[in-house]
Every structure is written in C-alpha cells, then in structure tokens.
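This report covers one helix pair, a few buried residues and some totals. The sequence and structure come first.

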Amino acid sequence: MKKWKKPFVSAMMAMVLIASVTACNSGGSNGGGADSKKEEADGNPETGQKTGKLRLLGPAGSNKYIKFEDREKYPVWKEVDKMLTDAGLQLDYELVPAEQYKVTIQTRMASGSSLPDIVNISALDNTTVLNLAKQGVLLDLNPLIEKYSNGNIKKMYNEEMPFAKKSTTSPDGNMYWFSNLHKKTYQGNIPAPVSLTMLLRKDWLDKLNLPVPKTAEEYSQTLKAFREKDANGNGKQDEVLVYDPSAFNGAIAQWFGLGTDITAVDVENKKVVSPWYQDGIKDYFRYLQQLVKEGVLDTSLIGATGEQKQQKMTENQVASLTDYNLETYQEPTINGGGEFLPLMPLQAVDNITPAAQLEPPFLVWQKYAITKDCKDVEAAIKFFDTIYSEKYADLLYWGIEGQTYKKDANGAKVYINNVSEEELAKMGQATGRQLFGDTVFPRVQFANLEFELIDKPQHKIDNELNILNYKPYFVNMNDMYLAIPDDQQLEKKTKILTNLTTYSQELATKLALGQKSLDNWDQYISELKKLGLDDLIEINQQLLDRYNSIQ
Amino acid sequence: MSFRWRDNMQLYLIMLPVLVHIFIFSYIPMYGVIIAFQNYYPGKPFFSLHDTDWVGFRHFIDFFNGPYFGRLMRNTFLLSFYFLVFGFWVPILFALLLNELKSGIFKKYVQTASYLPHFISNVVVAGMVLSFINTDGIVNAIVKLFGGTPVALNTEPGYFPAIYTITSIWKSFGWSSILYLAAMSSVDPHLYEAAKMDGANRFKQMLHITLPSIRPTIFILLIFAIGNLLSANSEFILLIYNPMVYETADVIGTYLYRDGLLGGNFSSGTAVGLFISLLNFTLLYIANSLSRKYSDYALW
Amino acid sequence: MAASVRRNPNKIKQGSVAVDIVLYALALFICLITLYPFYLVVIMSISSPTEVAAMNVFWYPKGFFLDSYKLIVSDTKMWWAYSNTLIYVAAGTLLNCLTAVLGAYPLTVRTLKGRKWLVAFLLIPMYFGGGLIPSYLLVNKLGLYNTMFAVIIPGMVSIWNIILVRTFFTTIPDGLKESAFIDGASHLQLLFRVILPISKPILAVIAIYSVVGIWNSWFDALVYLPNEKLHPLQMYLYRVVVQQSVDLKMLSLEDTKNAVANMLSNIQLKYAIIVFTTLPVIFTYPFFQKYFIKGALLGSLKE
C-alpha cells in the first residue's frame, strides 16, 4: 500500500502545477465575448452628467442579414446610440451567438462571479430565475425605479402597458426583470388580436366550384372533395389536412369549444379549463377519427418537424392547416402557387358555440435583469428609462419616419419598404427590432393592425375584421394570463407536467387515430386525475386569480 | 525486490500524465453528482451550510414511482438490446468480408463508403428515414410491389424498434469495423501460408486464423456493449419518434429531454443519470467477471 | 478433415471463384446502401432549394444551384472556423495518440502492482461524471474558459482509446518484449523502439478516431467558447440545425414570418454545409487505410 501513495501525491502536485501554469498562460483572455466594444464618448460635458458604465450580456440576434455587428451603418442605430449617449451611458456589450446562449447563461450564473450589470435571462427556466431572485443575484427593481427613474419606466408600465405589471410581479410583490412589451391596436385604441385558424386552399375551392364550408361537416366534405376531385391535378389522391391531434392547439379543437392546452385560460370568464373536461371533447375525437378514416388527415405528419410539413406544402398537397389568419409566408412556398382562405370558427356540435383561437393583443415576454454585481445601479435604471420611452419604442418597432415608415391617411403608421430582409440590409433601412431587439435591448412595440392589413387579399382582411370582436375565444399563449407562481406552486407544476403531458398527448393522438376506444372514457379521466390534472387546474386558477387581482 | 520496485516506478511515471489528467478533468468534477440529492439550480452553491436544499433520495424515488418508470426502463433496455443482438456481429462479418477481398481499389472504395453514414448528422439521417417509411415512401413502394398493403410505419408502435435498430446498424457498422480490420492486419501472413500448405480452405483460414486474431477485440467490445445496455441513442430517437409510438420509443433520455423543457430538472436529471450509470456499471462488472471466468479476456 | 480437402484441390479453386463472386456482389451491395445517403446529400446541396424543400431529389440533382456554396465560401467566419478546426484536430490527435500509448502500455505489464485498481480508475469516469456545471467551473478556474485550450486540454485523454490500445498491446507476443529486456532496454525504450513500430494499425485507428471525433465535435465549444472567433467548424452545422428546430407554435405572428424564412433558407443550406464540413475529413481515411491492409506489418515483424 505504501507504494501506492507516492504516485497519488505526485499526481496532486502535478495537478496544482498545471493549474497554476495554465492560469498564467491565459490571463488576458477571460470574458471578452464575440462582440465587445467600448463607446468613445466620455460623459456628456454639456449637461454635466457623469458617465455611467454598464456591461450587458445577451444573445446576438439570429437575423441572417441584419446584424448587430454592422449596426454603425444603420441610421436607426445612430438615433438609439445618440439617446444612450445623451443619457450619459457608456455601454459594453457581450453578445453570444443565440444558439449558444442558453448554455452560456446557465454556466455563467452557476459560477456566480463577474456577472454583467444587465443580463438577458430569458433562456433560463422559471425555477432558476425565481431562485436567483430569492438569492439576491437579481435585484428587486421597484425600489430602484422609485429612487432613480425619471418616470419613463413607470409611465410605460402603468399607463401605456398596464398589463405588464400583472405578468412580471413576483409572488413576494417585487419585480425582478424588465420585459419585451407589445401592444397591437386598431384605429388608435381598439385592441387587435390576430387569430390562429384553419386555412383552406381558396384556389382549390374556386377551381372545383365548391362553396366556403359553413360547418365542420361541410369542411370535412370539402376536404374529401379536394381528394376525390384531385384538386392539385397531379393524378393522385394526396390532398391532405395537416393537423396534430396530440395537443389541442390546432384550431379544429376550438370549434368544439375546447381550450388550447391541457389547461387553458378562458379569459372572458376568468376561468381555467381543461379540454378533457369540456363538453365537446368526445365529439371532437369522433370528428378527428372520421377525418383519419377518410384519409384526409395525414397521420404520417403527426409529430413531424417543420421541414417535413414544409415538404408537403411545397409539393402542393396541403389542403388545410392551422396557421395565422394573416400569414403570407406559406403561399410563396407552394410549387405552382396557391391561396389560403382563413376560416371563421365553424359550427360542429349543436349546442356548442365554436370558439376562436387568438393571439392576445397584449404580450409580455423575455426577461432582462439587473444583477447584484452592478456597480452603478443608477445608470442601469437610466438605461431602462431610455428603453421605455416612446421615442425608443418608435425606433425599435417602426424605425425612422420617411425612411422605414410613414403615416397613412388616418395617421396610422405603416412600413414603407416591403422588401426582404436581405434587401433591407443592403439599403441600411432596418428597424430597431431587426437590428438589436431581443439582444440586450428589450422590445417595446406599439404595433397596429393597419399595417398588417395593407397588401392583404380581401378575404384575409374580412376574416381579421370579423375576428376582432368574436366571442367566445381561447388564446394561444395561456401563460400570458398566469401570474408568476411561488416556489411551491412551481415545484408542483413542473412535477405534474411532464407525466401529464406525455399521457395526454399519447391519449389524444390514439383517440384521434382510433387506436383507443372512446368507450373507456372514465378510465382515461381517472388516469388523468391520478397524474394531477385537477391539481394543475387548481394551481393555474390561483395564478389566474392573482393575475387578475394585480393592479 | 528493488528491481521490481524500480520497474514499477518507471511504469507509474509513464502513466503519470494520463492519471493526473483523468484525476483533474474526470474525478474532480464528480462532486457534481451530489446535486442528485439536492434541489439544485444554476447559481446555487453545491455545498453550503444554510442554503443547500437536501432532499435525500427523493428524486430517485420520484423516478421509480413515476407512472412511466417501467416503460422507460423497458424501452431503453430493449432498444440497446436489439442493437446488441442484431448489430454487434455486423461489423465483424463486414470486416471478415473485406478481409477476404483482394486488395485493390474496389476494396478501398467499399471500405470508405461503408463508413460514410457515420459522418451524416442525425438530423439528416432522421429526415431520410422518415421519408422512407412514409406511407408513400420507398419502403411501402416495395411492399406494394410484392402485393402487400402499405402500412403506416411511423404511427405503429410495433415497427419502431426495427426502424431504430436497422438505422443504427446501418449508421455504425462500417465505422465499427475499422477496429477489427486493424486487429486483423496484425496477423502474421506466414500463418495463412502455412494453413494453405496444410490445405485449409478460405473458410477454415478465416475460422482458425483471422477470427482468433480479433478475439480479444471482440470480447472487450462485447463487454462494453453489455455495459451499455441501458443507453439508447436518445438524440436520434427524439428526431424520429412521436406520441403514437411512445409506447415503444420513449426512453429515459427522451423523457428527460421533455422534462428539461419545463426547466429545473438539473437535480432529477442527475439522479436518473446516476441510477442508470450504476446499472450500466454493474452490467459491465458482471460481463467482465463472466468473460474472465469463461475466456481469457477481461478488462481487469 | 484436412486430409479430405487435400484429396481434391481443384474443388477449392473452383469454389473459390464462386465465393469471390458472392463476396464481391455482397460488398457492392453494402457499398451502394452506405454510399447513397452521402450521394443524396451531395445532390441536394446543388439542387434548387424548392426541389429540396419538396424532397423531390432522389437520383440526380434537380435544377442547379450553387448559391449556398457561394454563401459559405464568402463567409470569412467559415474560414476562421476551418483554421480553428485544423488546430484543434492537429493538437488533439497528437495528444490523444500520445496519451493513449502512455496510458495503455503500463497496464499490459503483468508485474505492475495495482493494475486492477488502475483499470478501475480508468473505467469509473466512463460511467460517472459530475455534469456540465462542475466541469465548467473547473475550466473557468483553470483560466481556460474562452481560450482554445478549453477545447484541447480537457479532450486530450480518451479513456476508451487507452483501453483499445491496451487490448492491442496484449496481443503482441511476449517473446518480443523479453528479447528487448535481455538487451537491457528500459520500459520507455521498449515501448517506443519495439512496440510502437508494430502497433501502426492501432495507432492509425486511434488517429482516425481522434481526427473524426474532434472534427465532428461541437459540444465543448458550445459550453466553453462564447467567442465566435474560436468556434470550430461544426458549430456552423449545429447552429443551422438548431435554428431549424425552433418551435413555430411559440412565436407571435411577426416572429413566425422570420422563423419560416430562416427555416426555408436553411433546408438546402444545411446540405451544402454538411458537404463542406465533412468532405475534408472523409478524405483522411484513405491515408490511414494502408495500415489496415493484411500483411502490412510483414516487414516489421521480420526484423
């Protein structure tokens, strides 16, 4: 045994040696990511402001053509840069490639040392973020805003985007991060949701002289007719419906009055519901079984990647799918061209009013925090005061008047350059959103429906205008209406969700395909209960209640 | 005695850099497994008197008691098992086949071609597989050619293991055969000549000369394959499975992946990983003991 | 048995031709099924993007489209990544071969005390690790984070390679070693003068494993190298693939537009990047191949 010790002692010594040598070798190379640049300006002598230096860490934008590293050539950046300089800020950016950012932020947070002043923590999961906040790694913003803010932040959060506080106030009453804020309105102040709906090939309807389906039954007949009459004219019965029955976020589910996820928020009635408990659920599966039996629903695309679905689209085989009613990106990819018609929610069962699926007009997402290592908290707040200003919001979403946007006859802003991003990059006419949004710069967006409707075919415009006030509806992003959970709620939720989702997806798919029978319904429900469905509904109801109670 | 001691010291010194490296980069970070017994998230200290949230074996127990424990273990085991049973001997046969070909350009081409699939990323392979097994894909075209009715291969759980196994074998056999070829090349050619003189035909030469030359390699690889019976290629499965085939396709790795999407699974993921490692290591130990008992080859 | 064969030598010869034909046919078949996917990738990379998106390309390129290659070739970051990868591969392969030999040899000496424990010391890390974060903390503490060493140094020892080399060494006849010791050689001398020259096949295997392994690796870079300028080539492919797997359902209308555009442009670009990033390493194989050919060691054994 004695002989044994020596090698290990020397191993340890060698280890220490190597450690010290390598540490010396690479002394100058820590930090300093892909894109760090010191601003030149040394304060602002005219206003006598002192310079606030800030280090910011975030993901680089994923735009292929409009890149943050080329920002100097864009007029919109010059404007933003001027705003930041005027505020007396000197910024040092560390932008990490977006695909790499999640790992980078996880490991940086784990090491806990040399954190930047402001950091984009959107890539971290909720448990981690809330725990970091509890640990004091992320600063509570409310007292800082009270002390240092010039009022911009409060104005934006309390007046312009009053929904923002609801989504970002923690259970302890503090606020730990700033967010992207988005509001879409029509004619100045009408909230304007867009919808996710079933799109149907309009040119095929016209070609085969078929009417626009008015009920779910007619819809199914139409899809059948597309196949039988060979709508795409390639001699094969290959016109299909692309639909994933595993979740409930395909728009057909809402025709049967079903929520959009295992648990969904009924915004108007302030209730959390689960499609598994809703009236239309069995009829929904019967309907899907029928679509599968007739070969209309393409089962080979269930769980497929976007690329595989795209293949069907390009091959001119997609008769119908769920997508945004105002989308324009599908049509150009169809070989031989085509036109999609967004359908209004269709009546499927006698006593159930079909619901729409909407994207909420008010959105809050992404997280930007100030860390405990921030030396100049005042400067950090100044940075966010600059961000949450109308001028910045304009530059971010719309760019520069006369260059990237103009005002239409009614005073609504609309974009000027309707060209590809590659072209925009060449012209140097990007908006701030494309150039630096989602990096370390939050997106503050006053969007409108007017510009979305420009250049759209009339049937899409009609659909959108009809959907504006349509009720009932569910939303595609249920979490938008849930307050931040506390520790226990979060732990319980994450514990329930993996197993419950697995079971629910598997069950829903098998029911839709007829691999499982509807006769054993009670057994399925008891299994769902055993996996915690009721607990999940209860927790989410609490969160929804809290969301609604926050002023 | 002193000669033995010096001799041993010399050998240890030769190994020292490697041992030090392994100690630093493999053993030191091992303290990370303790998060299996905590509620860890990035940013929390691993050891702390007041801040560490020790939970004992709760993550293990939660996994064992989870509704999918049995299915996940079964699938993980079966998919690796099929690969072992149907795939292990393929590279050996292929290497023997190549060995029988006369040296020349053709042989080199075959060899190079065979290992190409190893270089194609999982994403592309998955895309190809899915388009082959599609209802209007090439597999069903062949089925139709022989008068069968097309089957939805990607939605029937029964077909998944076969699809996974065949693809995995196809992707790896050429690459795996390199090692056997290397081992074969060290055979003294005189042995073959002597055997020919004795009138042994090619099959016999293969059986009595070539095969024994790669026996140690076969045994070592077999021991490791058994010590890997609880690890299926979840990266690839993720790309080709869907809820309809979870029954036969959902493995521990894919389950943990879905769990991770919700976040906060550092601790439970580590716990499950530790459990699987222990099982695999036990299997390796058993395989090695058996091998030492019934043959001459063993890792230790 | 042997006697019966000897009685009819002609039969073997005739059988041999038939066997040859079968063997060659089999090899040809294997060659085709393994060659096809790569062929497909190549023709996809030069076909027009719409045909690729429609998965219409099977046997020959449809349309002719070289813009993807133009895009890649004109990207200076790509060439940076190329040169980085060459550095990682060269350094990593040399170090891997060296450490595999040094680690393997002592384990083959039967008189070595504690051999069993050393093997256990090697095997345990193959099964148990501390996960991503402790490794990151270590690399950070050693000052390697965001330097090229962060990829080279942790990866310079492969336990699997040590075991493979050791297995090969055990097949070397003891007679060779003993004769060297009689001449008074030390272990190091024996290793480098006697054993290594006849271990070219396994060294070639280790080399090719290392070259290909390092060439294809991206995970260490993902974790340890936030600086794009240090990225290896495979990070390119990784980034394209990750971008493609963005879940469109999580995005708002305006973000979906960009994501779809990105996905479309990546469908075809992906193939060009695969060709561009794998062709060089595929061509290293024939270079090593000569060490696997039967009888290649005739010379060294005779000495």
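At what angle do helix H10 of chain B and helix H9 of chain C pack, and how far apart are their axes? H10(B), residues 202-226, and H9(C), residues 159-170, pack at an angle of about 150 degrees, and their axes are 9 Å apart. Axes here are lines fitted to C-alpha atoms, for helices over the stretch in contact, with angles running from 0 to 180 degrees between N-to-C directions. This makes H10(B) roughly antiparallel to H9(C), a class for angles over 145 degrees (under 35 is roughly parallel, 65 to 115 roughly perpendicular, the rest oblique). The helices are DSSP runs (H or I, at least four residues; strands are E, at least two), numbered from the N terminus.

The model is predicted: local features need pLDDT of at least 70, side-chain atom pairs count only at pLDDT 80 or more, and totals for chains, interfaces and linings use all residues. Residues are numbered from 1 along each chain as its sequence is written, chains are lettered from A and ligands numbered from 1 in the order in which they are written, and side-chain values use heavy atoms, with hydrogens and water left out.

**The helix pair**

The crossing of H10(B) and H9(C) is right-handed (the near helix is turned clockwise from the far one by less than a right angle; anticlockwise would be left-handed). On the H10(B) side, Pro216(B), Thr217(B), Ile220(B), Leu221(B) and Phe224(B) meet Trp160(C), Ile163(C), Leu164(C) and Thr167(C) of H9(C). Contact means heavy atoms within 4.5 Å. By class, 7 nonpolar, 2 polar and no charged residues make up this contact of H10(B) with H9(C). Ala, Val, Leu, Ile, Met, Phe, Trp, Tyr, Cys and Pro count as nonpolar, Asp, Glu, Lys and Arg as charged, and the others, Gly among them, as polar.

**Buried residues**

The table gives relative accessible areas; buried means under 20%, exposed over 50%, and partly exposed in between (1.4 Å probe, protein chains only).

| Residue | Relative accessible area |
|---|---|
| Ser121(B) | 19% |
| Ser291(B) | 8% |
| Ile274(C) | 1% |
| Ser252(C) | 9% |
| Cys374(A) | 9% |
| Cys97(C) | 17% |

Ser121(B) lies in the loop between helix H5 (105-114) and helix H6 (122-133) of chain B. Beyond its neighbours within four places in sequence, Ser121(B) is in contact with Leu237(C) and Ile274(C). Ile274(C) belongs to helix H15 (residues 253-282) of chain C. With residues up to four places away in sequence not counted, Ile274(C) touches Ser121(B), Val124(B), Val41(C), Leu237(C) and Leu279(C).

Ser252(C) sits in the loop between helix H14 (234-244) and H15 of chain C. Its contacts, leaving aside neighbours within four places in sequence, are Tyr324(A), Glu359(A), Leu363(A) and Met477(A).

Ser291(B) is in helix H14 (residues 266-294) of chain B. Leaving aside neighbours within four places in sequence, Ser291(B) is in contact with Phe219(B), Ile223(B), Asp296(B), Tyr297(B) and Ala298(B). The C-alpha atoms of Ser291(B) and Ala271(B), 20 residues apart along the chain, are separated by 30 Å.

**Totals**

Chain C has 17 helices and 0 strands. Of its 303 residues, 54% are buried. Among contacts in chain C between residues at least 6 apart in sequence, 69% join residues at least 24 apart. Over all chains the structure holds 0 disulfides, a disulfide being a pair of cysteine sulfur atoms within 2.5 Å.
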